[in-house]
Amino acid sequence: YLLQISPATAKINPQEGVSFILKEPQNATNYLWTFSPNIKGGEKTGDYFTAEANTMLPGQTYSLNYYGQTPTKTINETLSFSVSKVPLEGTVASTPAEGEGLLTNFTLVANGFSDPEGGALEYKFLGRNYGEEAYSLSDWQSSNQFTTLLKTGNKDDLFLVQVTVQVRNMYKVHIEKTANVTVKTPTGDTSNFLTSSITPDMPTSDKVAVFAMATELTAVPAPTPTPEQATA
């Protein structure tokens, strides 16, 4: 076919931009790109049309007609293509719902998400203290649950930490859901956090998350010595 989708895909991700190109440049002086249903905006020349992100309807089938004229010929090509649907929304929850920073193992579980087209889903878990940037807890994975340590929440925010699961289908169309977890200041010893948390077979992305949490953790103040300890 003369008309092609770039990047090549069986179904278009409506959350990303996409280009429709001529397989071979034609240098048409007069041209017309026509979509049915219509697509608003987009950058176009005689050889390509770029549709911006979020301008196509999920689950919709479109027809594209390209008409162009060169000094030597007339081109009239049609391409039909489909847009991927968005995964159906579920929930994310933590067990336990309350614990201590860098000490409690929180198991995050995403429930109820599904692909209306029957495909497999992937999950990615993130954490975020209020007023701060989110940090990755896991890489994309096929499992809908992940056990992790979390940073201590901010006292002014009642020690609440946001945990988020991002869910995507095979075309990388994604949705996300967030819940709150209470993560209090640790009362135990976190000095061996790095050595106990990082294992040789742990994915690099998980090691990065562990180091990030350890670096940003506010140190727990040492207890005030008793008079006996002070004079010992």
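Which residues does Lys 85 touch, not counting those up to four places away in sequence? I will start there. Lys 85 touches Pro 58, Gly 59, Pro 116, Glu 117, Asn 169 and Val 173, where a contact means heavy atoms within 4.5 Å. Lys 85 sits in the loop between strands S7 and S8. Helices here are DSSP runs of H or I with at least four residues, strands are runs of E with at least two, and both are numbered from the N terminus. At 37% relative accessibility, Lys 85 counts as partly exposed. For that word, buried means under 20% relative accessible area, exposed means over 50%, and partly exposed is in between, with a 1.4 Å probe and protein chains only. Lys 85 is also 8.4 Å from Pro 14, C-alpha to C-alpha, although 71 residues separate the two in sequence.

Some ground rules. This is a predicted model, in which local features need pLDDT of at least 70 and side-chain atom pairs count only at pLDDT 80 or more, while totals for chains, interfaces and linings use all residues. Residues are numbered from 1 along each chain as its sequence is written, and side-chain values use heavy atoms, with hydrogens and water left out.

Now the confidence. pLDDT is the predictor's confidence in each residue, from 0 to 100. The chain averages 87, and 81% of the residues score at least 70. Over residues 217-225, pLDDT stays under 50, and for that stretch the model has six contacts beyond four places in sequence.

The chain as a whole. There are three helices and 15 strands. Of the 232 residues, 38% count as buried. Among contacts with a separation of 6 or more, 57% are between residues 24 or more positions apart. The accessible surface comes to about 13100 Å², and carbon and sulfur atoms hold 51% of that; the areas come from the Shrake-Rupley method with a 1.4 Å probe, and for residues only the protein chains shown count as cover.

Next, a sheet. Three strands form an open sheet in the order S3-S6-S7, with antiparallel pairing; two strands pair if DSSP finds at least two bridges between them. Strand S3, residues 30-36, and strand S7, residues 74-82, stand at the edges with a single partner strand each, so one side of each has no neighbour in the sheet. From one strand to the next, the twist averages 10 degrees, using axes that are lines fitted to C-alpha atoms, for helices over the stretch in contact, and angles that run from 0 to 180 degrees between N-to-C directions. Strand S6, residues 61-69, is joined to S7 by nine bridges. One bridge to look at is Tyr 62, whose partner in S7 is Phe 81.

Another pair is S10 and S13. Strand S10, residues 106-111, pairs with S13 in the antiparallel sense over four bridges. Thr 107 has Thr 147 as its bridge partner in S13. In a regular strand the side chains alternate between the two faces of the sheet. Strand S13, residues 145-148, shows it: Phe 146 and Thr 148 point to one face and are buried, while Gln 145 and Thr 147 point to the other and are not.

Just before S13 comes a loop from strand S12, residues 135-136, and Gln 141 has its place there. Is Gln 141 buried or exposed? At 17% relative accessibility, Gln 141 counts as buried. Its side chain reaches the backbone oxygen of Gln 145 at 2.9 Å. That is a polar contact, a pair of N or O atoms within 3.5 Å; within protein, one must be able to donate a hydrogen and the other to accept it, and residues adjacent in sequence count only if both atoms are side-chain atoms. Beyond four places in sequence, Gln 141 touches Leu 121, Glu 122, Tyr 123, Phe 125 and Phe 146.

Last, the backbone. Most residues other than glycine have a negative phi, and most peptide bonds are trans. Ser 36 and Pro 37 are joined by a cis peptide bond, with omega about -5 degrees, and Pro 37 lies in the loop between S3 and strand S4, residues 43-44. Thr 95 and Pro 96 are also joined by a cis bond, with omega about -5 degrees. Asn 27 is not a glycine, yet its phi is positive, about 55 degrees. Asn 27 is in the loop between strand S2, residues 18-22, and S3, and at 59% relative accessibility counts as exposed.
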